[in-house]
Each structure stands twice: as structure tokens, then as C-alpha cells.
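Student: Hi! Could you walk me through this fold before I set anything up?
Tutor: Happy to, let's have a look together.

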Amino acid sequence: MAMNSESIIDWDEMFEELPGTIVELKGKPGVVHRINSYEAMMVPPIWLDPRPRYPHELQIMSRREAKVCELEQHLVGV
């Protein structure tokens, strides 16, 4: 079975560019944004307000605000 190169998702990039991550525009040092979303099937895939960007245009500043998932503590009876 042949693999379609258009359907390959860059998982490393997707998890690097998580929504909520604070980034700086490399072409405009000091201009920071928060990643709104990452759309793997869009070109460019990273959405900032007001427009999408490519990963090479951004410098990651902080992931502290990135909310990946909620963890809840569940007690299990023994």
C-alpha cells in the first residue's frame, strides 16, 4: 500500500505548537502572541490572531499557559 505524503501529520510539530503556547514573531522581535489552534491540514497550520503562521516564523517563549489536558484524581477502592 502506497503512503500518501499529503496525509502525513507532523506529530512532533503538532505537540510543539500547542494552543495556549506563547510565541514571538521572529521577524518582529518583541511581538508576542498566544497560539489559538493548530490545524494539521491547513497551510500554514498555526493560527494566531489575526492570521495563520508557519512554525519557522515563530520562536516559542513559554508553554506555561498551554493546557494540554485535565487530570483528575480518582480513588480506587482496594
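What follows is a chat about the predicted model shown above.

Student: Let's start broad. What does the secondary structure of the protein chain come to?
Tutor: There is one helix, along with six strands. Reading from the N terminus, the order is α-β-β-β-β-β-β.

Student: And how much of the chain counts as buried?
Tutor: Of its 78 residues, 24% count as buried. The chain exposes about 6400 Å², and carbon and sulfur atoms supply 55% of that area.

Student: What about contacts across the sequence, what share joins residues at least 24 apart?
Tutor: That share is 46%, taken among contacts between residues at least 6 apart in sequence.

Student: OK, sheets now. In what order do the three strands of the open sheet run?
Tutor: The order is β2-β1-β6, with antiparallel pairing. β2 (32–34) and β6 (58–62) are the edge strands, each pairing on one side only. On average, neighbouring strands here are turned by 40° against each other, direction ignored.

Student: Remind me, what holds strands of a sheet together?
Tutor: Strands pair through backbone hydrogen bonds, in a parallel or antiparallel way.

Student: How many bridges does β1 make with β6?
Tutor: Four, with β1 covering residues 22–25. Within that pairing, L25 stands opposite L58, and V23 has I60 as its bridge partner.

Student: And how many bridges are there between β1 and β2?
Tutor: Three, again in the antiparallel sense. One position to look at is E24, which stands opposite V32 in β2. The two strands form a hairpin with six residues between them. In the turn, G30 has a positive phi of about 95°.

Student: Which way do the side chains on β1 point?
Tutor: I22 and E24 point one way, V23 and L25 the other. All four are buried, E24 included. In a regular strand, side chains alternate between the two faces of the sheet.

Student: Switching topic: which residues make up the largest nonpolar core?
Tutor: It has eight residues: M14, V23, L25, I35, Y38, I46, L48 and L58. V23 and L25 come from the β1 group that points one way, and both belong to that core.

Student: Take L48, then. What does it touch?
Tutor: Leaving out residues up to four places away in sequence, L48 touches V23, L25, H33, R34, I35, N36, R53 and L58.

Student: There's an arginine in that list. Where does R53 lie?
Tutor: R53 lies in strand β5, which spans residues 52–53. With the same sequence cut of four places, R53 touches L25, P44, P45, I46, L48 and L58. Among these, L25, I46, L48 and L58 are residues of the largest nonpolar core.

Student: Is R53 buried or exposed?
Tutor: Buried, because its relative accessibility is 15% and the cut-off for buried is under 20%.

Student: Which side chain does R53 meet in a salt bridge?
Tutor: That of E57, at 3.6 Å from N to O. The structure holds one salt bridge. In general, side chains of opposite charge can pair when their charged atoms come close.

Student: And how accessible is E57?
Tutor: E57 has a relative accessible area of 22%, so it counts as partly exposed. The salt bridge therefore joins a buried R53 to a partly exposed E57.

Student: Great, that gives me a picture to work from. Thanks!
Tutor: Any time!

Conventions. Residues numbered from 1 in each chain as written. Predicted model: local features only at pLDDT ≥ 70, side-chain atom pairs only at ≥ 80, totals over all residues. Heavy atoms only, no water. Buried < 20%, exposed > 50% of the residue type's maximum accessible area, 1.4 Å probe, protein only. Contact = heavy atoms within 4.5 Å. Core = buried A, V, L, I, M, F, W, Y, C linked by side-chain atoms within 4.5 Å. Pairing = 2+ DSSP bridges. Axes fitted to C-alpha atoms, helices over the stretch in contact; angles between N-to-C directions. Areas by Shrake-Rupley, 256 points an atom, 1.4 Å probe, with all protein chains shown as cover. Salt bridge = Lys/Arg side-chain N within 4 Å of Asp/Glu carboxyl O.
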